[in-house]
Amino acid sequence: MEKLNVAIADDNEKMVEVLGQIIEEDKDLELVGKAHNGEEICNIIREKEPDVVVLDMIMPKMDGLTVMEKANQDTAITKKPAFIVITAVGQEGITEDAFSLGAYYYIMKPFDNNTLLNRIKYVKTNMGRHPAVNNKSSQTPKSNSRIEDVKVSLEADVTDMLHDIGIPAHIKGYQYLRAAIMMAVEDMDMLNCITKVLYPTIAKNFQTTSSRVE
């Protein structure tokens with residue numbers, strides 16, 4: 001079976017190592033390039049023609065959105081890759097921009113290794129159905145479904161991690177912690193106002209007090 005060629009781009013060297021190892025250990029995937037900034041991954045896309053690019057949003061020289069935009073516009077790139085965005089940035093506007101530029105998935109860090117591999121392999125089976133870039137009418141429902149898929153995946157990942165840590169699911173603190181992690185992933189600014197915003201929001205959702213949440 002022909003392997004799927006994958007390239008990765010992240011300004012964090014440790015993350016590049018982790019992603020590279022995940023891909024190299026899978027018999028169905030072939031790692032064809034590693035990049036630490038936007039310019040490097042653009043060169044890799046042009047020269048190596050990867051099927052899939054696992055892309056960080058925030059990188060030096062050129063961010064992830066610009067990379068996707070360049071790949072779509074560069075006539076020297078004859079083979080347009082499928083982009084899977086992996087990032088700690090979860091603002092709604094950025095996710096919409098990523099999907100409008102042709103991203104298949106938008107996965108929040110930290111991520112589950114198997115989830116990432118499944119998303120990469122799913123791209124292989126759906127390459128012929130890639131949404132047309134800037135085609136709003138055909139793209140909107142697909143984008144919404146992928147956003148929902150990421151949310152479901154994140155919820156399952158958080159639940160699995162709490163289970164692995166050994167936190168009993170029947171205690172109230174489990175529900176509060178799970179909700180806090182989900183909220184912080186969706187809005188990173190929550191981490192800067194834990195006592196003033198995060199705790200009160202959770203307390204309101206669970207009809208309790210901030211002090212009990214804390």
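Which charged end sits over the ring of Tyr105? That of Arg119, 5.3 Å from the ring centre. Keep in mind that this is a predicted model.

Let's stay with Tyr105. A search of the whole structure turns up two aromatic pairs. Tyr105 and Tyr122 make one of them. Their centres are 6.0 Å apart. The planes meet at 65 degrees, and the pair is edge-to-face. Where do these two residues sit in the chain? Tyr105 is in strand S5, residues 103-108. Tyr122 is in helix H5, residues 113-125. They are 17 residues apart, and the pair links distant parts of the chain.

Now, buried or exposed? Tyr105 has a relative accessible area of 7%, so it is buried. Tyr122 comes out at 42%, so this residue is partly exposed. So Tyr105 has Tyr122 as its aromatic partner, and the charged end of Arg119 over its ring.

On to the other pair. This one is Tyr176 with Phe206. The ring centres lie 5.3 Å apart. Why is the pair called edge-to-face? Because the planes are at 70 degrees, and the cut-off for that label is over 60.

This pair, too, links distant parts of the chain, 30 residues apart. Tyr176 belongs to helix H7, residues 172-186. Phe206 is in a loop, between helix H8 (194-205) and helix H9 (210-213).

And accessibility here? Tyr176 is buried, with a relative accessible area of 10%. Phe206 is partly exposed, at 33%.

To recap. Tyr105 pairs with Tyr122, edge-to-face. Tyr176 pairs with Phe206, also edge-to-face. And Arg119 has its charged end over the Tyr105 ring.

Definitions and conventions
Residues numbered from 1 in each chain as written. Predicted model: local features only at pLDDT ≥ 70, side-chain atom pairs only at ≥ 80, totals over all residues. Heavy atoms only, no water. Phe/Tyr/Trp six-rings, centres within 6.5 Å; stacked < 30°, edge-to-face > 60°. Helix = DSSP H or I, 4+ residues; strand = E, 2+ residues; numbered from the N terminus. Buried < 20%, exposed > 50% of the residue type's maximum accessible area, 1.4 Å probe, protein only. Lys NZ or Arg CZ within 6 Å of the ring centre and 35° of its normal.
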